[in-house]
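Open the model in your viewer and have the selection tool ready. We will go from one empty space to the next, then stop at a single side chain.

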Amino acid sequence: MRIRFYLAGVLAMALAACQPNSERKLSPEMYRGVFEAKDQQEIPFLFRVNSPTSLEVYNGEEVITVDEITYADDSVSIYMPVFDSYIRAKIEESGRLNGYFTKKTATYKVPFHAEVGSERFDVASGPAANIAGGWEVLFGKDSTDQNSWAKGLFEQKGNKVTGTFRTPTGDYRFLEGVLDGNQLKLSSFDGVHLMLFTANVSDSTMNGQFYSRNTWTEGFSGVRNDSYELPDPESLTSLKEGYESIDFSFPDADGKLVSLSDEQFRNKVVVVQIMGTWCPNCLDETRFFVDYQKKHADEPLAFVGLAFEYAKTDSACFAAINRLKKSVGVDYPILLAMNGSEDRKLASEKLPQLNRIMSYPTSIIIDKQGKVRRIHTGFDGPATGEKYTAYQAGFDNLIQRLIAE
């Protein structure tokens, strides 16, 4: 009897050893991912799997490294850095991925699929125009709303097109695509935003449609205009009459209230960053501030972030803040100014000395005497090329001048 049970056990283990592992993993390949948008449109992007636990997402010059990837049976979860967004998909026997994109704090799910591929968009013919340069662009039809206007900045090499749209409140970051005949197609996935722009173009005009996730679409039109300029970003938000400074008192991760009157800001030039961990333009600005602070660590200069967060609890907000700080290497305090909403009207109530908060991010530069010297709405990030270079130079010039006073 004992021999029979022993042989049965050995046979069971042998059969188990012969069974294929049910856990499938991503293969080291270049993939073409697709999010489903409205009107049966697709938002494509490219990503390269370097190992089962590491991949890179590509948007023009931008490379996003993703190293938080987990598996369960035949499914994979890909968590984007900094943001609370992720892709969850089943890995088919063929290697194709089928699933969805969402955020931890969201109720929506955007259908997603991917398979091995290296072309973002298919191209059937050569370009019928050259759109390189600057464009005056109106999103929607309300030309009286300054927030509806943008400046398109594009580069073109053959069929390939890269660039972005600058707006009064920030840019659309790195867009990549093609000009197929007279059909312009641009897309981007920056970890939180899913964007597609399609348009009929000529050398001097464009008419198209903007898609975001599977919930939003809006028309846009443009004309070539290299000299077109958006409103001055330093003219959009200001102090209310009678004020020379701002004041606030918000908690840090330890629950300690931090104010501009604290010792850590005394006799220093202070940069106050109005931001959110969910905001890609804020991420670009944060990276710039972190780099600048490191290069000028011995100077009387301090940074402080005021976070306006979607998450409904303080603990969830600070978890997002700490994730941002760790990912980017932020060494300055980021305080929780508001949770549960990023509504700009509500945010404006938190800093009543300002006429409004129009954009995330907004930066406020304060001199060593505590007076506000500049308020900059939005941020021209790396995708804007010369504008980004000009912003960096202007920022440095002002900071150094205030330090010298």
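Start with the largest cavity of this predicted model, which has a volume of about 70 Å³. To find it, select Thr167, Pro168, Pro233, Thr377 and Asp380, the closest to its centre of the 13 residues that line it. Now colour strands S12 and S25, the elements that give two or more residues to this lining. By class, the lining of the largest cavity divides into five nonpolar, six polar and two charged residues.

Where does the largest cavity lie with respect to domain 2 and domain 3? Colour domain 2 (133-224) and domain 3 (249-404) separately: both give residues to the lining, so the largest cavity lies between them.

The count of cavities of 30 Å³ or more comes to two, so there is one further stop of this kind to make. For the second largest cavity, select Phe45, Phe47, Leu55, Val57, Ile78, Met80, Ile87, Phe112 and Phe189, which line it. Strand S2 (42-51) and strand S3 (54-59) are the elements that give two or more residues to this lining. About 50 Å³ of space lies inside the second largest cavity. Which classes of residue make up its lining? There are nine nonpolar residues, with no polar and no charged ones.

Next come the pockets. Select His193, Trp278, Tyr310, Glu342 and Arg344 and centre the view on them: of the 40 residues that line the largest pocket, these lie nearest its centre. The space in the largest pocket is about 1300 Å³.

To see what builds the wall of the largest pocket, show these elements, each of which supplies at least two lining residues:

- strand S11 (149-157) and strand S13 (170-171)
- strand S16 (194-201), strand S17 (205-212) and strand S18 (216-224)
- helix H2 (280-295)

Colour the lining of the largest pocket by class and you will find 19 nonpolar, 12 polar and nine charged residues.

Keep strand S11 on screen and move to the second largest pocket. The elements that give two or more residues to its lining are S11, strand S12 (160-167) and helix H5 (386-404). Which element gives the largest share of this lining? S11 does, with five residues.

Now select Glu61, Glu155, Thr162, Gly163 and Ala383, which lie nearest the centre of the second largest pocket among its 19 lining residues. The volume of the second largest pocket is about 490 Å³. Its lining residues divide into six nonpolar, seven polar and six charged. Bring back the domain colours too: the lining of the second largest pocket draws at least three residues from each of domain 2 and domain 3.

For the last stop, select Asp367, in the loop between strand S24 (362-366) and strand S25 (372-377). Is Asp367 buried or exposed? Its relative accessible area is 3%, and buried means under 20%, so Asp367 counts as buried.

Show side chains here and look for Arg373, whose side chain makes a polar contact of 2.9 Å with the side chain of Asp367. To complete the view, add Lys268, Val269 and Leu402: along with Arg373, they are in contact with Asp367 when its neighbours within four places in sequence are left aside.

Terms used: Residues are numbered from 1 along each chain as its sequence is written. This is a predicted model: local features need pLDDT of at least 70, side-chain atom pairs count only at pLDDT 80 or more; totals for chains, interfaces and linings use all residues. Side-chain values use heavy atoms; hydrogens and water are left out. On a 1 Å grid over the protein atoms alone, a cavity is a set of points where a 1.4 Å probe fits but cannot get out, and a pocket is an open set with protein on both sides within 12 Å along at least five of seven lines; lining residues have an atom within 4 Å of a point. Grid points are joined across faces, edges and corners, and a volume is the space filled by probe spheres set on the points. Helices (H or I, at least four residues) and strands (E, at least two) are DSSP runs, numbered from the N terminus. Ala, Val, Leu, Ile, Met, Phe, Trp, Tyr, Cys and Pro count as nonpolar, Asp, Glu, Lys and Arg as charged, and the others, Gly among them, as polar. Domain bounds come from an automatic or database domain assignment. Buried means under 20% relative accessible area, exposed over 50%, partly exposed in between (1.4 Å probe, protein chains only). A polar contact is a pair of N or O atoms within 3.5 Å; within protein, one must be able to donate a hydrogen and the other to accept it, and residues adjacent in sequence count only if both atoms are side-chain atoms. Contact means heavy atoms within 4.5 Å.
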